[in-house]
Amino acid sequence: MRARVSSTDSVARVPTFLWADRDSQLATRPASPEAAARQHIARYAAHYRLDPAQVGALQLRDLHDTGRGAIIARFGRSIDGIEVLGEQLSVAMDRSWNVVAMTGFVTGDLPAAAKLRGSRARDAFKLSAPDAIVRAYSDLSGVHLDASDFEGHGAAAGGYHQARMRSSSALRVGANLRAEPARGKEVLFRLAEDSLVAAYYVEVDLGNDATREPRFYSYLIAADDGRVLSKNNLVAYDNPVTYRVYADSSGLFMPWDGPQGNDNTPSATGVPDGFQPPFVPAQLVTLSSLGVVGVNDPWLPPGATETLGNNADAYLDISPPDGFTPGTNDRRGTTSSPATFDYVFDTSLSADAKGTQQSAALTQLFYNVNWFHDWYYAAGFTETAGNAQFSNY
């Protein structure tokens, strides 16, 4: 089935965003939105190395339908009842259940990739969830801990195992006694295109350190020997960044209609009269997110130097293939100074006449996409509704 692929996962090598062929839709209406979504996945199965027969085994994780707007069906998969972490395929459909786009991914080759030395997936878990929690806490605190340092073991929602550090042990490692209990669960995680490993996803919290810096991290702990596969800081900071853009510098920080500003739109006469409003200068706007409407996730992490954030990746796609390709002429916008993207767009030149023209355009693109992300988020287009984000925190 024809489709336009906008982005690809570099490890799994399958699409992460696919625009469907709008000229080829369902001939008959299935029994339910879920059934329609499964038919759409089957039609595009080759893009994900899926056999159409495998589509029926995918697990419906969520069906988002508010009664108006897009309907989004999200599918994941498990092996031996163990979640494959980070692999979820979402099917966005219109009100007639015709597919518009597909985001994320699952693949059809996971059982073969898993291998796990020929054993069942669950047999690959040599460590227990409490063991993994101990390993994560030891890594984060820098102090060797063991099972005797923890209490309150038990099941928690979502298939997690929960445990709390004993008060005496918390004092020994400098942890806050009010810190959240740790939790961990069994997962399978793709390390390479053909390599799936058994692991525990663990969240640990030591509370603030002596400098009031939060210590709240997620870990992937290998289930065979307890090695740390990944460590991720779950704390996001308010990080003001300055952009030179065509936008309001206060209030809603709203992007202007263009380099002519907003004073001449809409047209006073409403008829073509050849009027060309004069260009106005862009201005410096400083913000971290559209907090004025209650959206506080920052557009960029601290120390960022490129137009690459959680909500947008603004770049010039100059060289093939489609998408940003490192080592080619493709480029993102870069900071002109720390936490600042200050480039003046020369309206007398073409948009690609020189590097500063490109940087100014990329800055405006990054700003506009993030602004509308936050604006629509405040209006209800949240993660559950399918708002585009790299991470949903």
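**Figure 1. Arginine 29 and the ring of tryptophan 97.** In this predicted model, arginine 29 lies over the face of tryptophan 97, at a distance of 3.6 Å from the centre of the ring. Tryptophan 97 belongs to the loop between β5 and β6, and its phi is near 70°, which is a positive value in a residue other than glycine. Most residues other than glycine have a negative phi, and most peptide bonds are trans. With a relative accessibility of 10%, tryptophan 97 counts as buried, because buried means under 20%. A second view of a charge and a ring can be set beside this one: the charged end of lysine 231 sits over the ring of tyrosine 217, 5.0 Å from its centre.

**Figure 2. Aspartate 80 in the loop between β4 and β5.** Aspartate 80 has a phi near 55°, a positive value in a residue other than glycine. Is aspartate 80 buried or partly exposed? Its relative accessible area is 33%, and aspartate 80 is therefore partly exposed, since that class runs between 20% and 50%.

**Figure 3. Two cis peptide bonds that lead into prolines.** The bond from threonine 265 to proline 266 is cis, with omega near -5°, and proline 266 is found in the loop between β13 and β14. Proline 320 and proline 321 are likewise joined by a cis peptide bond, for which omega is about 0°, and proline 321 has its place in the loop between β15 and β16 (331–332).

**Figure 4. Helix α1 and the strands that cover it.** Helix α1 spans residues 33–43, and its buried residues are Pro33, Ala36, Ala37, Arg38, His40 and Ile41. An α-helix has 3.6 residues a turn, so residues three or four places apart point the same way. What covers the buried residues of α1 includes the strands β3 (59–64), β4 (71–79), β5 (82–93) and β6 (99–104).

**Figure 5. The surroundings of serine 90 in strand β5.** Serine 90 has a relative accessibility of 10%, and because buried means under 20%, serine 90 counts as buried. Which residues does serine 90 touch, not counting those up to four places away in sequence? They are Ile72, Ala73, Arg74, Ala101, Met102 and Thr103. Glutamine 162 can serve as a landmark for the wider view: it is 72 residues from serine 90 along the chain, and the C-alpha atoms of the two are separated by 30 Å.

**Figure 6. Strand β10 and its partner β11.** Strand β10 runs through residues 195–205 and is mostly covered, with ten of its eleven residues buried. The strand pairs with β11 (residues 216–222) in the antiparallel sense, over seven bridges, and valine 202 stands opposite tyrosine 219 in β11.

**Figure 7. The largest nonpolar core, a set of 33 residues.** In soluble globular proteins, nonpolar side chains tend to be buried together. The residues with the most contacts inside this core are Tyr137, Met165, Leu188, Tyr200, Val202, Val204 and Tyr219. At least two core residues come from each of β5, α3 (129–141), β8 (160–165), α4 (167–173), β9 (182–192), β10 and β11, and the largest share, seven residues, comes from α3. A second, separate core holds 25 residues, including Ala73, Val99, Met102 and Val106. Around valine 204, leaving aside neighbours within four places in sequence, the contacts are Ala136, Tyr137, Leu140, Ala182, Arg215, Phe216, Tyr217 and Tyr219.

**Figure 8. Tyrosine 243 and tryptophan 299 among the aromatic pairs.** A pair of aromatic rings is described by the distance of the centres and the angle of the planes. The count of aromatic pairs comes to 13. Tyrosine 243 and tryptophan 299 form a tilted pair, 6.0 Å from centre to centre and with 50° between the planes. This pair links distant parts of the chain, since tyrosine 243 is in strand β13 (residues 241–245) and tryptophan 299 is in the loop between β14 (283–287) and β15 (315–316), 56 residues apart. Tyrosine 243 counts as buried at 1% relative accessibility, and tryptophan 299 is buried as well, with a relative accessible area of 0%. Ring pairs link Tyr243 and Trp299 with Phe341, Phe366 and Tyr367 into a cluster.

Definitions and conventions:
Residues are numbered from 1 along each chain as its sequence is written. This is a predicted model: local features need pLDDT of at least 70, side-chain atom pairs count only at pLDDT 80 or more; totals for chains, interfaces and linings use all residues. Side-chain values use heavy atoms; hydrogens and water are left out. Buried means under 20% relative accessible area, exposed over 50%, partly exposed in between (1.4 Å probe, protein chains only). Helices (H or I, at least four residues) and strands (E, at least two) are DSSP runs, numbered from the N terminus. Contact means heavy atoms within 4.5 Å. Rings of Phe, Tyr and Trp (its six-membered ring) pair if their centres lie within 6.5 Å; planes under 30 degrees apart count as stacked, over 60 as edge-to-face and the rest as tilted. A charge sits over a ring if NZ of Lys or CZ of Arg is within 6 Å of the ring centre and within 35 degrees of the ring normal. Two strands pair if DSSP finds at least two bridges between them. A nonpolar core is a set of buried Ala, Val, Leu, Ile, Met, Phe, Trp, Tyr and Cys residues joined through side-chain atoms within 4.5 Å.
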